[in-house]
Every structure is written in C-alpha cells, then in structure tokens.
Amino acid sequence: MLAPRIFSKRRAFLFLLLVGLLAGLVVVSSGLGEFCDEDGYCEIPGIRFGARRGPGDAAKKPPRRAGGRKTGPRRDCVDFPDTSDVLLVMKTGASESFGRVSNQILTNLKCLPDFLIFSDMAQDFAGYAIHDSLDAVLDEVRRNNSDFDLYNRQQRCAVDVGSCNKNHDVSQEAWNLDKYKNIHMAEKAFALRPDHEWYLFVDADTYVVWPTMMRWLRALNPDEAHYIGSVAYIGEVPFAHGGSGYLVSKAAMQKMFRGKTGVGNSWDERVAQECCGDYMFAIALKNETGVEVKNAWPTVNGEKPHTLPYAEDQWCQPIVTMHHVSAQEVSELWALEKERNFSAPLRIKDLYHEFVEEQLVPTRDAWDNMSDDVFYLNRSASDYSEYELSMAKEGRLSKLEQHAHQSFEDCRRVCKSIRSCLQYRFWNGICSTSKALKHGVPTKVEKEKWWEYRSGWDMTRIQKWVKSHGKCRKPQYPTSW
C-alpha cells in the first residue's frame, strides 16, 4: 500500500509544478507580446502578434498620419520629432538601392510617418515601394540613347539586377542616367503627396538630422516660395547641390506642378544635353516659377564628420544634412542622435567631439587631410594640374616656404612658422597647409613615399583652438536671404 501513496504524492507535486510553469509562461508571453507590439517587428506564434495582423484586427490598426503610411509606436522613436509636415523624397538607383536604402530604413526612416523612394527601376524593398522615376521620360529621348542602357538592361533583367549589371561600367552608366530623375521625381512626388508643407529631396547616401531640421523649419514659412540648399555653380548658374539635399516649400511646388501635366517631359530633351539633374531642377524651377535657390550652407552640407572643415565660421553652426555617408556612418550618426535623445540643435562642433577628436594624431601616412589653403611647389620640377598651379603661393616666399615642397618635414616646418596653421599635407612635391581643421580620408599606400599622401596636425594648436571655442551662442539658422 506504500508504493501507490508515494506515487500519488509525486504525481501531485509534478502536476503543481507544471501548473506553475504554465502560469509563468503566460505572464512572460504577455510581456513579450507587449514588447512586440511596441517595436512592431516580432511575432510569437500562438501567443501574441505584433506588426502582423489578421483580417479581424482592422479596428486595432494604428492611426494613419499625414503621409498615409501605417505607423505604430517604436521604442527608438519616442523622442523623435513630429515630421509629418515634411515629405522626404529619396533618390537612389537599382544598382545600389539594396546596399544603401536598407540602413536608412533601419535607422531614422523608421521614425518618419511617410517618405517616398525613387529609382531607375520599380522595386519592392521589404514591403516598401521604390518608384520608377523614369518611366514617363519621352520615348524619343530614351530611344537610341546610350544614357538609358542601364535602364533598359534592368527592365529586361530576368534575375537579380546585380547579376545583369555584372561586367558593365555601372558607375558611369548610373551617372549618365541619374540626371533625368530630379524633375520627374519632384513631379511624381507632388502628384502622390500634394498636401505637405515641405519637400526634402536627398540621395540615398545623405543623412538627415531631423530634430535640427524641424527646429529650423519653425522659422520658415512654407506658404512662401522657397528652394533652399547648399549652393553650387555650373558656369554662372547657381543650384542646390543634390547630394547635400534641398528643401522646396509647398508654395514653390504648387507653382511648379499644380494644375499642370508633363512638366518633366517639357525638359527631357534639354536634360539630355546637360550634365546634372540637380542643376536642371534649378533651371526648370526658375523657368516655371521664377524661384531661385537660397544658400543654407553649412547647415545643409555636402560633407560628413571626417571631411567637414572645422573652422571659425562653421564651428557653432547647426547642421541638418551630410552627404556620402557610408552604412556604418549612418548607423553611428543615428546612435549619436539616440544618445542625445534627439535633442536639437546638432552643431558642427558636436560632430568633431564625437567622431574626430579622439582620432587625431600628430601624423598619418597614406592619408589625405584635405589641407588646401595654400600650396607650395616647384613649378619647374613637375607637371602640375591647372588647379594645383592656381593654388600655389606666389610672390615673396620665406626661406622655409622656398623649401616646403622638398619633404614632409620641410612642410611641417612651414606650418609651424604660420601662426594660424593647424595642419599640413605633403604629396608629389606639393606642400599644402590649412587653418581649418579637417580629419580626412585614407589613401593608397605607395612603395615610393614621394607619391604617397602624408598628413600632419599641430596637436598643441588644435587643442588650444578647440578650448578657446568651447562655448556657442544661440544657434543661427539660415532664415534671411
């Protein structure tokens, strides 16, 4: 009789243990379900559902904001500003989209209520639509036009685009094709989203500092016709550099496109004869509306932390865009913004302290620190480019300056002799100095050091300069033109 009683107690204990485990699992799974709902990306089969919903869940869908794309709360976006008045219009190419767009979507694009992506091919990217910006270009412009070789090949591609583009000079082909996009994608963006206050056009390798952008836009009136960017020139024609990004107000977009059809087509033939789409957008906008570009540099910027010049007139300035950012740099900039709880403004000096300060060393081999204030060279010693000759100092040279082109050490001595010089660079018999601080980029390692870029920084002067510029006044946004 003893054995059955022992068995009964053991079975009761196991039963109670199982009940306790199940109760604990219910509590944990409920919490996990909340986590999934908050972040909107994970799914626990049979317990809770996050972003994926069934037909009976229509009433539970999160509200739609200005742009119309479904959005739900995400932990990363708690302190992110409301950007619903601004439509981001991102330009990419099918040959690069999967490499560049992904990291944008994983970072600050996930906090935007709406955005549009345009390319040279319609694609579906993880549920996001990438629109073809070129499908409306005039047939007579596309026909027998080598600029469209890449476009036509991609339309015919029966496998992945990368395989179809292999063994072709895709970089050059993409450049030839890119100029046809700008006007058409602006026209399409307005047709798709006609009710935004601002339209921000950027490339897929442009980083947008949204908290600072939205703070700046408070001071601007979208009912006035604005076309704002970092001004560049082709000949005498000013235009907003596309990679830096440019802002177009509601009023300007309405003047350009409202009540009109075929605006892009009216410029297709002219575009075929020119170099660049951002340049042609400026010409078309002025022709259609009379609106000219307004310069917002350095707030709208074509550089990034390691190539920015840190100088007197930029140090305290707010920054809203950076160009040529790699996937890693997008991730690092996003991490910095989250660490700051998306506070504004982000100033140029903040980028120096975060990315450059700890990387500076007295000298680097195989490195170009972009020193370019003054060049010292021997005109008779080598065939220099027109640009290099134009940058060469002329007139009376000190003894140190006369020898600056001879070696890296001679170049360092010249920088030391100039009180405002913070850094210097030597390459191919050219010594160049700079009173602006730049970090720069790595270059090719050469067997012969004469042909290798070498860079140096006066660390004592730099530390003194940074300390003397420690405080900034209230940020000055570009608002008066």
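Partly exposed here means a relative accessible area between the buried limit, under 20%, and the exposed limit, over 50%. These legends describe close-up views of a predicted model.

**View 1. Helices H9 and H11 pack against each other.** Helix H9 covers residues 250-257, and helix H11 covers residues 277-289. Two packed helices are described by the angle between their axes and the distance between the axes. For H9 and H11 the angle is about 80°, and the axes are 9 Å apart. H9 is therefore roughly perpendicular to H11. From H9, the contact takes in Ala252, Lys255 and Met256. From H11 come Phe281, Ala284, Leu285, Glu288 and Thr289. By type, the residues of this contact are five nonpolar, one polar and two charged.

**View 2. Glu288 forms a salt bridge with Lys260.** Glu288 also belongs to the contact shown in View 1. Its closest approach to Lys260, N to O, is 3.4 Å. The pair links distant parts of the chain. Glu288 sits in helix H11, while Lys260 sits in the loop between H9 and helix H10 (265-272). The two residues are 28 apart in sequence. Glu288 has a relative accessible area of 27%, so this residue is partly exposed. Lys260 has a value of 33%, so this residue also counts as partly exposed.

**View 3. Asp120 and Lys181 form a buried salt bridge.** The closest N and O atoms are 3.4 Å apart. Asp120 lies in the loop between strand S4 (115-119) and strand S5 (123-125). Lys181 lies in helix H7 (residues 181-192). The pair therefore ties together parts that are 61 residues apart in sequence. Asp120 is buried, with a relative accessible area of 1%. Lys181 is buried too, at 2%.

**View 4. Five residues join in a network of salt bridges.** Asp120 and Lys181, the pair of View 3, are both members. Lys91, Asp178 and Asp203 complete the network. Side chains of opposite charge can pair when their charged atoms come close.

**View 5. Lys349 and Asp350 meet through their side chains.** They form a salt bridge, with 3.8 Å from N to O. Lys349 has a relative accessible area of 14%. This value is under 20%, so Lys349 is buried. Asp350, at 17%, counts as buried as well.

**View 6. Salt bridges across the whole structure.** The structure holds 33 of them. Among them are the pairs Asp120 with Lys181, Glu288 with Lys260, and Lys349 with Asp350.

Terms used:
Residues are numbered from 1 along each chain as its sequence is written. This is a predicted model: local features need pLDDT of at least 70, side-chain atom pairs count only at pLDDT 80 or more; totals for chains, interfaces and linings use all residues. Side-chain values use heavy atoms; hydrogens and water are left out. Axes are lines fitted to C-alpha atoms, for helices over the stretch in contact, and angles run from 0 to 180 degrees between N-to-C directions. Helices (H or I, at least four residues) and strands (E, at least two) are DSSP runs, numbered from the N terminus. Angles under 35 degrees count as roughly parallel, over 145 as roughly antiparallel, 65 to 115 as roughly perpendicular and the rest as oblique. Contact means heavy atoms within 4.5 Å. Ala, Val, Leu, Ile, Met, Phe, Trp, Tyr, Cys and Pro count as nonpolar, Asp, Glu, Lys and Arg as charged, and the others, Gly among them, as polar. A salt bridge is a side-chain nitrogen of Lys or Arg within 4 Å of a carboxyl oxygen of Asp or Glu. Buried means under 20% relative accessible area, exposed over 50%, partly exposed in between (1.4 Å probe, protein chains only).
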